[in-house]
Amino acid sequence: MATGQIFSRTTQALFYNYKQLPIQRMLDFDFLCGRETPSVAGIINPGAEGFQKLFFGQEEIAIPVHSTIEAACAAHPTADVFINFASFRSAAASSKLALKQPTIRVVAIIAEGVPESDTKELISYARSNNKVVIGPATVGGIQAGAFKIGDTAGTIDNIIQCKLYRPGSVGFVSKSGGMSNELYNTIARVTDGLYEGIAIGGDVFPGSTLSDHVLRFNNIPQIKMIVVLGELGGRDEYSLVEALKSGKISKPVCAWVSGTCATLFKSEVQFGHAGAKSGGEMESAQAKNQALKDAGAVVPTSFESFETSIKETYEKLAEEGKIAPVKEITPPQIPEDLNSAIKSGKVRAPTHIISTISDDRGEEPCYAGVPMSTIVEKGMGVGDVISLLWFKRSLPRYCTQFIEICIMLCADHGPCVSGAHNTIVTARAGKDLVSCLVSGLLTIGPRFGGAVDDAARYFKDAYDRNLTPYEFVESMKKKGIRVPGIGHRIKRGDNRDKRVELLQLFARTNFPSTKYMEYAVEVETYTLSKSNNLVMNVDGAIGTLFMDLLSGSGMFSKQEIDEIVNIGYLNGLFVLARSIGLIGHTFDQKRLKQPLYRHPWEDVLYTK
């Protein structure tokens, strides 16, 4: 165990198992104390590497993240404190590994419930190698104006109130982290403040004891008096009694052992900490308080009188000239985080993204204001989700069912179309799923899939302007534009596309109006008179029927319908549907373990 000071204004730590808030609190304390360098040198996050952005005052800094303890210690040889935020299951193993590193002198174990056999092994190793273990079940420790561990002393407001940004003359040690905050406040009120405070932890076997730290405080010149807060259970306080009796402690010690109320209970009671359980008369608070008093410590009659005892002891030292007045300083203002400032209404910050379709900030994600649980409980389908996310409203069942039919009918059209071909070639090149999917999707456009949007746009415009099929087709011919949604490589007037027939049958059965689709049928009759392959294709059927869906549902204004067509919603439907098939082709090629594709020479016309 160390015999003197273990922290300073240049102490740096390695933080195990990334926790943003306690690390940021350490850095804020550094800034408050006027440190030139951050107290956290590196973060150890098993399995991760890189950097973590945090604030050092107004400045944003990047703290290195290491995947192993060994790597962190090698990268930061001056960091000699290891702050372990691992769970109780892995705290012992990681702490032991840290203690074995030659650069580490102090290990603080935050987790409670670490197996006692593991803790005893850590204690034995630390003592035989002259190292310090604080904890388990500790909040850590603090040297005022110099260094603090994790969440020790709580918020910045509490630290400022307790004047922990500059050193005083009192050394304090306790088993309890929560009670430490109470005593820091008390010490600040009735003395010139704290110099160092340690919470050894509430488990049965702490890595270092009350007396370990009291003896250490006795060797630190800046500490003029010592305050000890013990608790019932265990016999740690008796080693302090022996040290007082043997004269090893020359400085005044104010002590109190809490838990005197245990005698009021008829049966044995455990108070919070694993170690706060009296195992006999000697482990009672009353017995230990009396022993400390008999050994020469200043022990009050109750906890309520503890503050008075500390005050009187301090004032006596001041009168004797053993304590020089501390020069008060004004600590710098810690910049407030933007998020907290926004919540408190102190600042207005512009947002960078607008979203009106979904929100995941609450207890569960919502699509257009509809909670995910409602979507599942009501048995909604993919069409309902599309209606919420695309159209921001719940469409009638026949509308969402039509959307689902469109997706099923357009999911795939064989391996030879351009999108599927691209995907297959990419999959056979050994690329990942996303690359294969994107290579196919990138072919979607005016010649592949994009006709859905154009069919909706042109047929709607022609119908709304009361053009006859003859006027519409001939005007398109004069412009040099093929009528989108009309024409097929394979299908003919006497061999209609079954998908078109299914969509038309569904719409005529369920839609309130099919005026745009019926108009397209009239156009088809005219085009078939010109050529037998100028038959309505699936793009034309979907495009015109979507116009019927939007106008017939009564849920969209004319302006909204025009906007939906112009934005490209219908093309989005084709993209969504065809993604299913492209993903299928990717899996198919990988499952078949197909080799790299090479186009055959005989299928290429080589010409000069």
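The legends below describe an overall view and several close-up views of a predicted model.

Residues are numbered from 1 along each chain as its sequence is written, and side-chain values use heavy atoms, with hydrogens and water left out. In this predicted model, local features need pLDDT of at least 70 and side-chain atom pairs count only at pLDDT 80 or more, whereas totals for chains, interfaces and linings use all residues.

**Figure 1. Overall view of the protein, with its 23 helices and 16 strands.** Helices (H or I, at least four residues) and strands (E, at least two) are DSSP runs, numbered from the N terminus. The C-alpha trace spans about 115 × 55 × 50 Å along its principal axes. The radius of gyration is 38 Å, whereas a compact globule of 608 residues would have one near 25 Å; the value is taken over C-alpha atoms, and the globule rule is 2.2 Å times the number of residues to the power 0.38. Of the 608 residues, 49% count as buried, where buried means under 20% relative accessible area, exposed over 50%, and partly exposed in between (1.4 Å probe, protein chains only). Among contacts between residues at least 6 apart in sequence, 73% join residues at least 24 apart, a contact being heavy atoms within 4.5 Å.

**Figure 2. Close-up of helix H7 (residues 210-218) and its surroundings.** Eight of the nine residues of H7 are buried, so the helix is largely enclosed by the rest of the structure. These buried residues are Leu210, Ser211, Asp212, His213, Val214, Arg216, Phe217 and Asn218. The elements covering them include helix H4 (116-128) and helix H8 (236-245), together with strands E10 (170-174), E11 (194-199) and E12 (225-231).

**Figure 3. Close-up of the packing of H8 against helix H9 (residues 285-295).** The two helices pack at an angle of about 10 degrees, with their axes 9 Å apart; axes are lines fitted to C-alpha atoms, for helices over the stretch in contact, and angles run from 0 to 180 degrees between N-to-C directions. H8 and H9 are therefore roughly parallel to each other, given that angles under 35 degrees count as roughly parallel, over 145 as roughly antiparallel, 65 to 115 as roughly perpendicular and the rest as oblique. The crossing is left-handed, a term used if the near helix is turned anticlockwise from the far one by less than a right angle, with right-handed used if clockwise. On the H8 side the contact is made by Glu237, Tyr238, Leu240, Val241, Leu244 and Lys245, and on the H9 side by Ala287, Lys288, Ala291, Leu292 and Ala295. By class, this contact has eight nonpolar, no polar and three charged residues, where Ala, Val, Leu, Ile, Met, Phe, Trp, Tyr, Cys and Pro count as nonpolar, Asp, Glu, Lys and Arg as charged, and the others, Gly among them, as polar.

**Figure 4. Close-up of the crossing of helix H14 (residues 397-410) and helix H23 (residues 569-591).** The axes come within 7 Å and cross at roughly 50 degrees, which makes H14 oblique to H23. The crossing is right-handed. Ile403, Cys406, Ile407 and Cys410 of H14 meet Leu573, Phe574, Leu576, Ala577, Arg578 and Ile580 of H23, and by class the contact has nine nonpolar, no polar and one charged residues.

**Figure 5. Close-up of helix H15 (residues 418-428) against helix H16 (residues 433-441).** The axes of H15 and H16 come within 7 Å and cross at roughly 150 degrees, and the two helices are therefore roughly antiparallel to each other. Their crossing is right-handed. Gly419, Asn422, Thr423, Thr426 and Ala427 of H15 make the contact with Ser435, Cys436, Leu437, Ser439 and Gly440 of H16, and by class it has three nonpolar, seven polar and no charged residues.

**Figure 6. Close-up of the loop between strand E7 (132-134) and strand E8 (140-143), which holds proline 136.** Most residues other than glycine have a negative phi, and most peptide bonds are trans. The peptide bond from glycine 135 to proline 136 is cis, with omega near 5 degrees. Alanine 137, found in this loop between E7 and E8, has a positive phi near 60 degrees and is buried, with a relative accessible area of 19%.

**Figure 7. Close-up of glycine 193 in the loop between helix H6 (177-190) and E11.** Glycine 193 counts as buried at 1% relative accessibility. Not counting residues up to four places away in sequence, glycine 193 touches Arg166, Gly168, Ser169, Val170 and Ile187.
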